Amino acid sequence: MNIKDPAEILRQAAWKEIQRLELELYVADLDANGFTVIPPSIASPGDLHKRLLARILDLSEEDSGVRPDLVAGENPVAFKGSELVKAEDDAPFGQYIPSLIFEGPAFEEALLNPVLLAMSTYLCGFSAVLSSMSCFVKGPTRSALQLHADTFLPAPMPAHALLCNGTYVLTEFNRENGATAFVPGSHKFQRQPREEERFLTGQNANSNAVASEAAPGSLVFWHGNTWHGAFNRTVPGLRVSMPVLMARPSMRTEEDLFGKIPQAVLDRNPARFAVLTQQGIVNGWHSKEHSKLRPAQAREVMRKFYEEVDLPNADADIPLYG
Ligand SMILES: [Fe+2]
């Protein structure tokens, strides 16, 4: 093995960080099952989850006009397409609040959480970007969110992860609370579930699906190929979760953040924050002039990051043209 190979140096650096944070067993679990649950003591330093939940409850109220009641509340507002619908419509997503990265320092901290970054880097590399940061506030429903993989590509999907998801659990996850469901080992199938394999409730429910059990403050982390969904909540009250979807920079992201993050926000964070928020993505120009400007800006962002962490910029994700 040539240890001067930049890719090998990056791999070793990623593993060293996993060891420093004592995440080896969670990585083994992720490799074997396609998902893992990292407990609050590791995943939410300084009670990060409490600050995220407090801010999300405010945002939920701003959106719906109703203060969420975690103990007895019902689906506050749900989106179906672009239309607001009420709880009785039984939407399995509940209230969806997107683009949280613009909502203040707690969300920036959630993105920079070393545990989230170590796991994301393990699956998607140092150049991984945020695809979306959002939350769901969900009450009791009859319908479950059907099983699917987040990697929407024709089979066979690549075995390596193009996406990964780190979901902050902000209220307790278990079957009756409407926890995220997983089919253990399904990241190795390299395909979406077939229609008849997608159900979580009823006679045709997929018997291989299990509920993730997690205390508030846990991080549930999974490979982009893993089949997952959400059980319907059968008890009163609200379930609040905050998915952080990460992607390799060559993937089309859910949120388009290049050039959209205020300079003050970039300035108060380390160089990796700019990479994570897509400022290092070269592709996406829209004119002759921009085809020169954007790659130059993006390369500078990547250069600063690799300099900050003292690692080689392998340039693997950066096209040679432009
Ligand atoms: Fe999903």
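In this predicted model, strand β4 (residues 95-97) pairs with β6 in the antiparallel sense over three bridges. Strand β6 (residues 135-138) is in turn joined by three bridges to strand β13 (residues 239-247), and these two run antiparallel. This briefing begins with the pairings around β13, then turns to a separate open sheet, a helix crossing and selected loop residues.

**Strands around β13**

- Tyr96 has Phe136 in β6 as its bridge partner, and Phe136 also has a bridge partner in β13, namely Ser241.
- Val137 of β6 stands opposite Val240 in β13.
- The side chains of a regular strand alternate between the two faces of the sheet.
- In β6, Cys135 and Val137 point one way, whereas Phe136 and Lys138 point the other way; all four of these residues are buried.
- Strand β5 (residues 129-133) pairs with β13 in the antiparallel sense over four bridges, and the bridge partner of Val129 in β13 is Ala247.
- Strand β8 (163-169) pairs with β13 over seven bridges, again in the antiparallel sense.
- Within the pairing of β8 with β13, Cys164 stands opposite Met246.
- Because eight of its nine residues are buried, β13 is largely enclosed by the rest of the structure.

**The open sheet β7-β12-β9-β10**

- Four strands make up an open sheet, arranged in the order β7-β12-β9-β10 with antiparallel pairing.
- The edges are occupied by β7 (145-148) and β10 (210-211), each of which has a single partner strand, so one side of each lacks a neighbour in the sheet.
- The partner of β7 is strand β12 (residues 228-230), and the two pair in the antiparallel sense over two bridges.
- Leu145 stands opposite Ala230 in β12.

**Helix α1 and its crossing with α6**

- Helix α1 (residues 6-20) contains 15 residues and spans 21 Å from its first C-alpha to its last, close to the 21 Å expected at 1.5 Å a residue.
- Just after α1, Glu22 adopts a positive phi of about 55 degrees.
- The axes of α1 and helix α6 (residues 114-124) come within 9 Å and cross at roughly 145 degrees; the crossing is left-handed.
- On the α1 side, Ala14, Glu17 and Ile18 take part in the contact, meeting Ala118, Thr121 and Tyr122 in α6.
- By class, this contact of α1 with α6 has four nonpolar residues, one polar residue and one charged residue.
- An α-helix has 3.6 residues a turn, so residues three or four places apart point the same way.

**Loop residues and their surroundings**

- Arg233 lies in the loop between β12 and β13, and counts as buried because 23 C-beta neighbours fall inside 10 Å, where the cut-off is 20 or more.
- Apart from its neighbours within four places in sequence, Arg233 is in contact with Lys138, Gly139, Pro140, Thr141, Asn177, Gly178 and Arg239.
- Arg233 and Ala14 are 219 residues apart in sequence and 37 Å apart in space, C-alpha to C-alpha.
- Val71 occupies the loop between α4 (48-64) and β2 (78-80), and it is exposed because it has 7 other C-beta atoms within 10 Å, where the cut-off is 12 or fewer.
- Although Val71 and Pro236 are 165 residues apart in sequence, their C-alpha atoms are 6.7 Å apart in space.

**Backbone geometry in the loops**

- Ala155 and Pro156 are joined by a cis peptide bond with omega of about -5 degrees; Pro156 is placed in the loop between β7 and β8.
- Gln190 has a phi near 60 degrees, a positive value in a residue other than glycine.
- The position of Gln190 is in the loop between β9 (180-182) and β10, and Gln190 counts as partly exposed, with 15 C-beta neighbours inside 10 Å.
- Gln278 likewise has a positive phi in a residue other than glycine, near 75 degrees.
- Gln278 is found in the loop between α8 (271-276) and α9 (290-308), where Gln278 is buried, with 23 other C-beta atoms within 10 Å.

Note on methods. Residues numbered from 1 in each chain as written. Predicted model: local features only at pLDDT ≥ 70, side-chain atom pairs only at ≥ 80, totals over all residues. Expected span 1.5 Å × (residues − 1). Pairing = 2+ DSSP bridges. Contact = placed C-beta atoms within 7 Å. Axes fitted to C-alpha atoms, helices over the stretch in contact; angles between N-to-C directions. Left-handed = near helix turned anticlockwise from the far one by under 90°. Nonpolar A, V, L, I, M, F, W, Y, C, P; charged D, E, K, R; others polar.
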